[in-house]
Amino acid sequence: MTTASIPAPLPAATSEAAPAPSATPIPPAVGTDGGPAGPATTSPSTRSRRGRTARALGALAQLAAVGVVGSVIFGVLATLLSLGISLVLLFGIGLLFLLAFVYALYATAWLEYERVEGLYRYGLPALRGRRRDRPGFAGWLRSVWDQFTDGPM
C-alpha cells in the first residue's frame, strides 16, 4: 500500500472558516527550541523535579532538626509532667508545673502545626486558643481544660 492510495482526511464540519495560510511563516516564541534566543534553559519538567528535590531536602533538614530539638522538647515535657504529678501533694505546687506542662504542650502543638504547614502547604487554618466563656479564675481554668481536650490543639 502506498501513500497515494490513502485518502486524505475530511475537513471538520464547522461554521468557522479555516484561516488561510500566510505567505510568511510566524517565528517561534522567544525561549523555545529554534527561536531567536535558542533552546529553552529549563523545561517545566526540570523545574518540577528541582522543586521536588528541594522540598525533599527541606523535609530531611527539618526531620534532622526535629530529631535534635524534639528530644529536648520531650525532656522538658516529661520533666514538667513528672514534677507536677509528684509535687501536687506538696501545698499544690505541682499544679503550677502541670499548668506549665499544658502550655508547653500548646507551644509544641503550634510549632509542629506551623512546621508542617510551612513544609507541605496543606492550607491548614492557624491554631487558636479557645476563649473564656465565663469570667474569673473558674472561667480561666475551664478555658485551659477546653484547650487541653481540644482535638486540633
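Exposed here means over 50% relative accessible area, so Phe91, at 78%, is exposed. This is a predicted model, and its chain has 3 helices and 0 strands, running α-α-α from the N terminus. Of its 153 residues, 14% count as buried. As for contacts between residues at least 6 apart in sequence, 37% of them join residues at least 24 apart.

**H1 and its neighbours in H2**

- Helix H1 covers residues 44-87, and two of its residues are worth a look: Ala78 and Leu80.
- Leu80 counts as buried because its relative accessibility is 15%, and buried means under 20%.
- Setting aside residues up to four places away in sequence, Leu80 touches Phe97, Ala100, Phe101 and Ala104.
- Two of those partners, Phe101 and Ala104, are on the list of buried residues of H2.
- Leu80 also has Leu98 at 6.5 Å, C-alpha to C-alpha, with their positions 18 residues apart in sequence.
- Ala78 is partly exposed, since its relative accessibility is 35%.
- Ala78 and Phe101 sit 23 residues apart in sequence, and their C-alpha atoms are 8.5 Å apart.

**The H1-H2 loop**

- Phe91 is in the loop between H1 and H2.
- The backbone of Phe91 has a phi near 60°, which is a positive value in a residue other than glycine.

**H2 from end to end**

- H2 takes in residues 93-120, and its 28 residues should span 40 Å at 1.5 Å a residue; the end C-alpha atoms are 41 Å apart, so the two agree.
- Its buried set is Gly94, Phe101, Val102, Ala104, Tyr106, Ala109, Tyr113, Glu117 and Leu119.
- Glu117 is part of H2 and, with 18% relative accessibility, it counts as buried.
- What does Glu117 touch, not counting residues up to four places away in sequence? The partners are Tyr122, Gly123 and Leu124.
- Just past the end of H2, Arg121 has a positive phi of about 50°.

**The H2-H3 loop**

- Leu124 is placed in the loop between H2 and H3.
- Is Leu124 buried or partly exposed? Its relative accessibility is 34%, so it counts as partly exposed.
- Leaving out residues up to four places away in sequence, Leu124 touches Tyr113 and Glu117, both of which are buried residues of H2.
- Leu124 and Glu114 are 10 residues apart along the chain, with 8.8 Å between their C-alpha atoms.

**H3 and its two sides**

- H3 is made of 14 residues, 136-149, and reaches 20 Å from its first C-alpha to its last, close to the 20 Å expected at 1.5 Å a residue.
- Gly139, Ser143, Val144, Asp146 and Gln147 are the buried residues of H3.
- Why do they line one face of the helix? Looking down the axis of H3, the buried residues fall within an arc of 160°, so they line one face.
- As background, an α-helix has 3.6 residues a turn, so residues three or four places apart point the same way.
- On the face turned away from the buried side of H3 are the exposed residues Phe137 and Trp145.
- The buried residues of H3 pack against H2.

**How H2 and H3 cross**

- The two helices pack at an angle of about 45°, with 11 Å between their axes.
- That angle makes H2 oblique to H3, because angles under 35 degrees count as roughly parallel and those from 65 to 115 as roughly perpendicular.
- The crossing of H2 and H3 is left-handed.
- Which residues make the contact? From H2 come Leu99, Val102, Tyr103, Leu105 and Tyr106, and from H3 come Trp140, Val144, Gln147 and Phe148.
- Val102 and Tyr106 on the H2 side of this contact are also buried residues of H2.
- Likewise, Val144 and Gln147 on the H3 side are buried residues of H3.

Note on methods
Residues are numbered from 1 along each chain as its sequence is written. This is a predicted model: local features need pLDDT of at least 70, side-chain atom pairs count only at pLDDT 80 or more; totals for chains, interfaces and linings use all residues. Side-chain values use heavy atoms; hydrogens and water are left out. Helices (H or I, at least four residues) and strands (E, at least two) are DSSP runs, numbered from the N terminus. The expected span of a helix is 1.5 Å times one less than its number of residues. Buried means under 20% relative accessible area, exposed over 50%, partly exposed in between (1.4 Å probe, protein chains only). The arc is that of the directions from the helix axis to the C-beta atoms. Contact means heavy atoms within 4.5 Å. Axes are lines fitted to C-alpha atoms, for helices over the stretch in contact, and angles run from 0 to 180 degrees between N-to-C directions. Angles under 35 degrees count as roughly parallel, over 145 as roughly antiparallel, 65 to 115 as roughly perpendicular and the rest as oblique. A crossing is left-handed if the near helix is turned anticlockwise from the far one by less than a right angle, and right-handed if clockwise.
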